[in-house]
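Dear colleague,

Please find below the structure that I am handing over to you. My notes on its aromatic rings follow it.

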Amino acid sequence: MATFPVINLEKLNGDERSRIMEQIKDACENWGFFEVMNHGIPHDFMDSVERLTKEHYKKCMEQRFKELVASKALEGLEAEVTDMDWESTFHLCHLPESNMAEIPDLSDEYRKVMKEFAVKLEKLAEELLDLFCENIGLEKGYLKKAFYGAKGPTFGTKVSNYPPCPTPDKIKGLRAHTDAGGIILLFQDPVVGGLQLLKDGEWVDVPPLRHSIVINLGDQLEVQIIINGLNITKSKTST
């Protein structure tokens, strides 16, 4: 079975740049996914994001999920459920306009950290887009401009928890899908795995690595890259 690509960006601007760029190119062409380490977001900050997200779920969302989703989904369940996900989630919109103030129950600390996290993720996404440009011979900033609409890019965060399910053989945490956006950056749990992608007819595990960010090339980015001369592989994901 193929091994999911994990790329260390620590020496990207050093004498190993050409090797790392080749790894990125290979991951885009053959996977449409890869995982980056030493990406520039401080580890202690990522630990804060993880801690506050889990605290918010425990305090504000866990009981609600059990009452509104879990009990109804399991009632009289006999066959596999194919029209729902076993997922507790909320969405934050950052660009073109933020909805952060409208999300209930967020503590001031969590709100502040998520705003800062969005800024760091946006910076990393733009850096990655420029690396893609370099790999296919486009001018710096080309792909970033391609995703700008009249009001700028659309950028948001989906915050998801996957509670233990008593019937995991009948309900998936997240059904198989592709992502329609440009570039997706995923900060997954560093201990509990579950994310998989479908490659060459086989489901491949995405390893849970502390302080890593999983990069997913979305459908729109696939179109842009193919138009400009680099074929990529688009895989389905499931949790």
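Rings of Phe, Tyr and Trp, the last by its six-membered ring, count as a pair if their centres lie within 6.5 Å. Please note that the model is a predicted one. By that criterion, the structure holds five aromatic pairs. Two of them are described here.

In one pair, the ring centres of Phe34 and Phe132 are 6.4 Å apart. Their planes stand at 85°, and planes over 60 degrees apart count as edge-to-face, so this pair is edge-to-face. Phe34 belongs to strand E2 (residues 33-37), while Phe132 belongs to helix H3 (residues 108-135). With these positions 98 residues apart, the pair links distant parts of the chain. Phe34 and Phe132 are both buried.

Helix H3 also contributes to another pair, formed by Phe45 and Phe117. Here the ring centres are 6.0 Å apart and the planes are at 50°, so the pair is tilted. Phe45 lies in helix H2 (residues 43-74) and Phe117 in helix H3, 72 residues apart, so that distant parts of the chain are again linked. Both Phe45 and Phe117 are buried. Together with Phe187, Phe45 and Phe117 form one aromatic cluster.

Two lysines should also be mentioned. Lys120 is placed over the face of Phe45, at 5.2 Å from the ring centre. Lys199 is placed over the face of Trp31, where the distance to the ring centre is 4.8 Å.

Yours sincerely

Key:
Residues are numbered from 1 along each chain as its sequence is written. This is a predicted model: local features need pLDDT of at least 70, side-chain atom pairs count only at pLDDT 80 or more; totals for chains, interfaces and linings use all residues. Side-chain values use heavy atoms; hydrogens and water are left out. Rings of Phe, Tyr and Trp (its six-membered ring) pair if their centres lie within 6.5 Å; planes under 30 degrees apart count as stacked, over 60 as edge-to-face and the rest as tilted. Helices (H or I, at least four residues) and strands (E, at least two) are DSSP runs, numbered from the N terminus. Buried means under 20% relative accessible area, exposed over 50%, partly exposed in between (1.4 Å probe, protein chains only). A charge sits over a ring if NZ of Lys or CZ of Arg is within 6 Å of the ring centre and within 35 degrees of the ring normal.
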